[in-house]
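Work through the exercises below with the sequence and the 3D view at hand. Try each task before reading its solution.

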Amino acid sequence: MTVLDVLHPILPEQLNSRYYFQSLMEQAHLCGLLSDQELSKIQTELLIILAEQTDKWSQGKSSSIPMEKAQELLTSAAFVIGVQLKSYQAPENAVEALKAEPLKSLFEKGLKLVQRKIAISRHRQKRITAHLLNTPNVYYRSTIADGINGFFKLYRPQFSAQDIHITADYPTYLGRPNFDGIEFIERYLRCIEAENEFCMHFSPQDIHHLLCGLTQDYRSIPMNLFEPVFLSALGLAILHRNPERLDLSREDIVSLHRFFSEKSKQEIQSVLENVFCDLDKKMELPEISKRYIRLCIPKFAETIQKSVALKTMDKVFLAPAYPERETKITISYGERMDDTKYQKLVDRILQANNSKDRVNLILQEVHSLADLLDILSDAELYKEDFELLTNLLPAPVFAALLNQYPNDDFLERESEKLLYDALQSRKQHISPEEMRQIKKVTAALKNGNIDRE
């Protein structure tokens with residue numbers, strides 16, 4: 001046994017951050033710091049606190065409450081005591097306090113400390129929201145402003161100090177803090193402040209274009225925004241480019257892949273640490289962001305190492321995309337032919353002798369997607385008609401039909417099933433260039449970058 005073991009028989013990593021009080025007693029008992037008699041005394045005092053809390057919760061009306069509520073009150077009391085015990089310098093000091101002070105005194109001190117944490121966290125949240133990154137991502141502000149406000153509104157440390165109440169949908173880079181109650185909010189807001197402060201060094205428009213390089217749907221995805229921004233800035237710094245522009249090119253990403261390809265995880269981490277030091281000198285980051293990023297670097301190194309092995313560097317270091325520069329695609333949904341003309345066309349198609357004639361009539365006479373969908377349903381076309389037609393359709397129309405029939409679920413009419421099969425058949429045999437065109441049209445349809453006339 002080393003000197004350190006004698007001084008600190010309770011290792012902090014053996015203690016549960018969420019159930020600190022309980023785990024501290026268990027470890028202290030195992031290490032011989034708490035006798036059976038002392039442990040029994042603490043447990044008795046805890047039951048007395050539970051009885052008092054029950055009386056306060058029921059406002060003196062009843063000493064009998066549902067088992068679930070009793071368990072909640074007991075968990076809350078243990079949480080509050082745990083908050084106080086965590087404030088001591090070492091676990092052994094906390095055990096000495098447990099032995100020397102009445103448990104009720106520790107509970108009351110814990111409640112005051114919880115209230116102080118609430119006040120500090122409220123102030124931190126107001127400071128963050130006053131300078132919050134302007135982003136169209138719906139989860140960012142809704143969680144940091146509205147969600148956290150909801151926590152403060154509902155939080156009742158007297159009886160349910162362990163509750164969080166909110167889902168905290170926006171994820172921080174280091175993940176969800178493994179804490180409950182105000183301790184969760186306290187640590188969550190620290191992460192948010194560190195990430196937000198870093199992102200505020202960049203133009204919101206540049207961040208928007210960077211994230212569009214991943215997907216234009218990022219607006220409605222609960223994704224972490226800090227990670228791609230930090231990695232883009234870091235990648236540019238490695239390439240001796242201006243990190244503030246967030247404008248890595250495809251060629252830059254290939255260069256970064258070559259740069260990292262022969263490096264171990266430890267070497268990658270060392271590179272990131274050195275480049276971050278240079279980045280910090282240029283950007284003059286606040287201390288909270290610097291401390292946070294240093295904690296993140298090992299995870300960044302692991303991510304980069306994996307991306308090299310999987311050849312997915314373009315998903316880690318993003319090249320920005322500019323949806324507003326894309327050409328608008330026009331697909332006509334209007335300008336339908338009148339009923340008389342439509343019926344005459346259906347009759348002509350029905351009277352045609354072969355597939356080629358039927359398909360030519362459709363291609364020559366139909367100029368509206370709405371009319372096309374109706375014709376494909378009403379003209380009693382055969383399998384070979386659908387196959388010939390889909391192979392001759394322009395890419396925008398073909399993509400629009402694929403979007404209309406993404407799968408064969410709920411297709412009841414025979415004409416729809418034949419159309420779906422024909423679309424899938426063409427999709428399997430198109431050239432890479434055609435596929436690129438179709439993907440572009442499909443993305444435009446999905447992202448609304450399209451005019452429907």
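## Exercise 1: Two links between helices

The side chains of Arg124 and Glu193 form a salt bridge, with 2.4 Å from N to O. This is a predicted model, and the values here are computed from it.

Task. Find which helices hold Arg124 and Glu193, and state what the pair ties together. Then do the same for Lys117 and Glu186.

Solution.

Step 1. Place the residues of the Arg124 pair. Arg124 is in helix 6 and Glu193 is in helix 9, so their salt bridge ties together parts that are 69 residues apart in sequence.

Step 2. Check the cover of this pair. Arg124 and Glu193 are both buried, and buried stands for a relative accessible area under 20%.

Step 3. Turn to the other pair. Lys117 and Glu186 meet through their side chains in a salt bridge of 3.1 Å, N to O. Lys117 belongs to helix 6 (residues 103-130) and Glu186 to helix 9 (residues 181-199), and this pair links distant parts of the chain, 69 residues apart.

Step 4. Check the cover again. Lys117 is buried, and Glu186 is buried as well.

Step 5. Look for further partners. Salt bridges link Lys117, Glu186, Arg187 and Arg190 in a network. The structure as a whole holds 19 salt bridges.

## Exercise 2: A link inside one helix

Task. Glu302 and Lys306 also form a salt bridge. What separates the two residues along helix 14, and are Glu302 and Lys306 buried or exposed, or in between?

Solution.

Step 1. Take the distance. The side chains of Glu302 and Lys306 meet at 3.3 Å, N to O.

Step 2. Count along the helix. Glu302 and Lys306 are 4 residues apart in helix 14 (residues 287-310), so about one helical turn separates them.

Step 3. Read the accessibility. The class "partly exposed" lies between the limits of 20% and 50%. Glu302 has a relative accessible area of 31% and is therefore partly exposed. Lys306, with 48%, is partly exposed too.

## Exercise 3: Positive phi in two loops

Task. Leu246 and Glu284 have positive phi values. Where does each residue lie, and is Leu246 buried or exposed? Answer the latter for Glu284 too.

Solution.

Step 1. Read the angles. Phi is near 55° for Leu246, a residue other than glycine. For Glu284, again not a glycine, phi is near 50°.

Step 2. Locate the loops. Leu246 sits in the loop between helix 11 (226-238) and helix 12 (250-261). Glu284 sits in the loop between helix 13 (265-283) and helix 14.

Step 3. Classify the residues. Leu246 has a relative accessible area of 0%, so Leu246 is buried. Glu284 is at 65% relative accessibility and therefore counts as exposed.

## Exercise 4: Two residues and their surroundings

Task. For Ser415 and Arg348, list the residues touched, leaving out those up to four places away in sequence.

Solution.

Step 1. Begin with Ser415. Ser415 is part of helix 21 (residues 414-429). With a relative accessible area of 15%, Ser415 is buried. Leu376, Ser377 and Phe386 are the residues touched by Ser415, not counting those up to four places away.

Step 2. Go on to Arg348. Arg348 is in helix 16 (residues 339-351) and counts as partly exposed at 42% relative accessibility. Not counting residues up to four places away, Arg348 touches Leu361 and Glu365.

Step 3. Compare sequence and space. Pro91 and Arg348 are 257 residues apart along the chain, and 89 Å separates their C-alpha atoms.

## Exercise 5: The whole chain

Task. What radius of gyration does the protein chain have, and what would a compact globule of 453 residues have?

Solution.

Step 1. Compare the radii. A compact globule of 453 residues would have a radius of gyration near 22 Å, whereas the protein chain has 32 Å.

Step 2. Add the extent. The C-alpha trace spans about 100 × 65 × 45 Å along its principal axes.

Step 3. Add the content. The protein chain has 22 helices and 2 strands, and 46% of its 453 residues count as buried.

Step 4. Consider the charges. There are 56 positive and 64 negative side chains in the protein chain, and the centres of these two sets are 5 Å apart.

How values were computed
Residues numbered from 1 in each chain as written. Predicted model: local features only at pLDDT ≥ 70, side-chain atom pairs only at ≥ 80, totals over all residues. Heavy atoms only, no water. Rg over C-alpha atoms; globule rule 2.2 N^0.38 Å. Buried < 20%, exposed > 50% of the residue type's maximum accessible area, 1.4 Å probe, protein only. Lys, Arg positive; Asp, Glu negative; His and termini not counted. Charge placed at Lys NZ, Arg CZ, Asp CG, Glu CD. Salt bridge = Lys/Arg side-chain N within 4 Å of Asp/Glu carboxyl O. Contact = heavy atoms within 4.5 Å.
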